[in-house]
Structure formats: C-alpha cells, structure tokens
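Start with the nonpolar interior of this model, then turn to its aromatic rings.

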Amino acid sequence: MSFKRVVITGMGALTPVGNDVPTFWSNLVAGVSGAAPITRFDAEKFRTRFACEVKGLDVTNYIPRQEARKMDPFTQYAVIAADEAMKDAGFDADTLDLDKAGVIWGSGIGGLKTFEEEVMNYSENGRTPRFNPFFIPKMIVDSASGVLSIRYGFRGPNFITVSACASATNALIDAFNYIKLGLMNVCISGGSEAAVTIAGVGGFNALKALSERNDSPETASRPYDKDRDGFVLGEGGAAIILEELEHAKARGAKIYAEMIGAGMSSDAYHITAPHPEGLGAYIVMKNAVENAGIKPEDIDYINTHGTSTPIGDPQEIKAIEKFFGEHAYDLNISSTKSMTGHLLGGAGAIEAAACIMAIKDQVVPPTINHFTDDPEINPRLKLTFNKAEKRRVNIALSNTFGFGGHNASVVFKKYED
C-alpha cells in the first residue's frame, strides 16, 4: 500500500502574542512576551497573579453574540483560529468533497470556565439546581470539534484528542495518519485551551507548577535559565489545515510545508514528573525521525516542550543530546513558550505553526528571558537565547509532553514537488 503525502495549506492562530498568524509570528521573531497581570478574575489572593492571556479580543467580531453564548472560550478560540485557517486555505466550497473532510482537534481540559461558573453558581445560590441548559454541551471537551464540523459541513472523521499538554500534537498526528491512509483529503486540526480561570491557576499553584515571579511577569517564563521557577499559564489556540498533496495541487493551493513524520511514546514513570533521564522524550524523537524516513542529522530546528520548570527542561535536553549526538550542537533549539506561556493542550498547535513559519521564512524564533546559564545544561547547545536567528531550516521538529507521561513529536519539511 502506498501512503499519501500530507501538506499544510492553511493556518490560523489566536495567541497571547497575536490574534492572527502574521502578528503571532512577527512577535515571536521579535521576542515579545505575552505575560501580564491576570484580567480574567481577581487574582490578588493567588500565589501567581499573572498569565499569558489573549488580548484585545472581542469575540462578537468573529461569532454572533447568541452563538458565542453557547460556547466555552476554548471553543470560541477554536472557531476564530479555524476561520482564519479556512480562509487562508482558500477552499472552493462547491467543489470540496465534504464526506472526505474532517476535524480532529486537541484540548487537555476543555470547558473549565463553564464548569467552574456553573458549580460556583449552584453553591452560591443556596444549592438550588438551576443549571444552564448549555452547561454540558459547552463544557465537554469534544464540543470544539463538533462545532467546527457543523460550521463547515465537514462530514468526515470528527473527534478530540486528550493527552494533557500533548493533546494538539496528538490531534495533528491523527489527522496526518488519516490523510496518509486515504481516509480523508482535508482535515482541520490543531488545538485550543482556556484555562486562565480560578480553578486553573489555583490548581496549578497547588501543584507548585507555576512561576510566582509576580514582580516581573514578562520575564517569568525563562526556559533553560538557572533561575526558572515554573511555567506561565497561557491560553488561545491554533488551527492547521492538513491536506493530501494531490488534492492540494489539483486546486492550486499554496503549500506552506509538508508534514513528513510523527512519533508517540510514554514515560511510564510518574503522573506529573518526566522520566529523570528523559527516556520518553528520547523515544518519541527517535520514533518521529524514523517515521519521517530521515536521519537525525537532517533536523535543523527543534521547538522544544521547554516549559520553564526546574525538573522538565534538563530532561528534554538530555534526550536531545542522547539522540542527536554531535549533531545536537549544530541544530537550533528554542522554546517559544518563553513568549506565549504554556497553552497546555493547545501548545502543540501554536508550536507546530511556529515550526512551519520557521521553514517558510528561514528563521528560528528565540528563547527569551535568558539571564543566567544553568550548569546542568551544556553551553555548546544553540538554544537561540534572546534573539531570533536566520538560518537554513529545511526540517523542523516540535516536541510536546503531557502529565501522565504522554509524549508526541511531529516533523515538518520544506515542500518540494
């Protein structure tokens, strides 16, 4: 059986550093931080009082008010990003085979704000059960893919992947494989998250996972820095249109890049902590490179998981050095979470978009907020600190790792006919 080739023909983004792909990308390259004091709720009593929120967004500019009220913010973010991606892809609705077009989305938490509001209302109103009739449809994590499928009339596969912070990358992997196998021609994939809420911040604070650098939010996300103290919570999402190559060529679509491989693995170690030697990270990169049919030395850029946590960053670096050997010191590495914060289940989508744009523009976005070298991290590595770097980027790899030991990696390549 011959496999189909899969290309990227459209993208959309709604992020803490830009509400569309051009703004998102230009701010990444410029090293702009999206962190600021929380506006979603009064965070005065919380240990962490800042986050990377989406800014300047009026949802009703994108979705009619009555329709938006039936969606949790994570679904609203999905719709806004997907609308941009669909417009970017330039489909002719009259000729698109809707039975072979699907939606595979990713989210780690889903409708947390909806769940939180409904339960708090129940408690505050004498525990009288007056729940919103849209409570369940808004909250459930598969609502985003369902809404997108209805919005565009896509009748192919339609589901959500949930694997904590690897969710969006797993969604991309499923979409990639479905198209490779000929089960779809087109898929809207990606992921979104809206967890900057009382429960989201409070819960991650209780885990001691978040940075508490309240005096300097914009410098709080500092992957690979000696003084990193936790991740910065982000929100938003990105949509990526995956398409079978011949289908894309037949309609004269522009092609950003080709998706050539994907890998998955499990740490099988701990519910929140990564394997101390980075074993799962090593396996997932090995699987992705082998699946792509390339050699480790073919990789030019890695967008790392790089969350800015004390125990996570060095383990990923160990895995990179082990797998890539001497080539680890020739490729560029960066963590765009230093700017966007950590979008949890949506992270893999915006980071895949960053890899695709790095290939398109031949530039590696930086890891900002580096002040002090970590003695645990080899200084020979090109971690692209503080300033973007122009270089040849033919192939890029994106890593995402989630609580529960879920690891997922995807590989993109400059398109060649």
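This is a predicted model, and its largest nonpolar core has 49 residues. Inside that core, the residues with the most contacts are Met 11, Leu 242 and Phe 412. Several secondary-structure elements each supply at least two residues of the core. The helices are α1 (21-30), α7 (167-180) and α13 (347-361). The strands are β1 (6-14), β7 (236-244), β8 (257-266), β11 (363-364) and β14 (406-413). Helix α13 gives the largest share of this core, 11 residues.

Where does this core lie with respect to domain 1 and domain 2? Domain 1 covers 7-251 and domain 2 covers 262-410. Both give residues to the core, so it lies between them.

Take Leu 242 as a closer view of the packing. Neighbours within four places in sequence are left aside here. Leu 242 is then in contact with Val 6, Val 7 and Ile 8. Its contacts also include Leu 172, Ala 175, Phe 176 and Ile 179. Asn 185, Val 186, Cys 187 and Ser 189 are in contact with Leu 242 too, as is Met 259.

Apart from the largest core lies another core, of 31 residues. Among them are Ala 68, Ala 89, Trp 105 and Ala 239. In soluble globular proteins, nonpolar side chains tend to be buried together.

Now the rings. The model has 10 aromatic pairs. One of them joins Phe 41 and Phe 46 in an edge-to-face arrangement. Their centres are 5.2 Å apart, with 65 degrees between the planes. That angle is over 60, so the pair counts as edge-to-face. Are these two rings buried or exposed? Phe 41 is buried, with a relative accessible area of 14%. Phe 46 is also buried, at 18% relative accessibility.

Phe 131 and Phe 135 pair in another way: they are stacked. The distance is 5.6 Å centre to centre, and the planes are 15 degrees apart. Under 30 degrees counts as stacked, so this pair qualifies. Phe 131 is partly exposed, with a relative accessible area of 37%. Phe 135 is buried, at 11% relative accessibility. Phe 131 and Phe 135 also belong to one aromatic cluster with Phe 115 and Tyr 122.

Charges meet rings as well. The charged end of Lys 180 sits over the ring of Phe 3, 4.7 Å from its centre. For Lys 322, the ring is that of Tyr 282: the charged end sits over it, 4.5 Å from the ring centre.

Note on methods: Residues numbered from 1 in each chain as written. Predicted model: local features only at pLDDT ≥ 70, side-chain atom pairs only at ≥ 80, totals over all residues. Heavy atoms only, no water. Phe/Tyr/Trp six-rings, centres within 6.5 Å; stacked < 30°, edge-to-face > 60°. Buried < 20%, exposed > 50% of the residue type's maximum accessible area, 1.4 Å probe, protein only. Lys NZ or Arg CZ within 6 Å of the ring centre and 35° of its normal. Core = buried A, V, L, I, M, F, W, Y, C linked by side-chain atoms within 4.5 Å. Helix = DSSP H or I, 4+ residues; strand = E, 2+ residues; numbered from the N terminus. Domains from an automatic or database assignment. Contact = heavy atoms within 4.5 Å.
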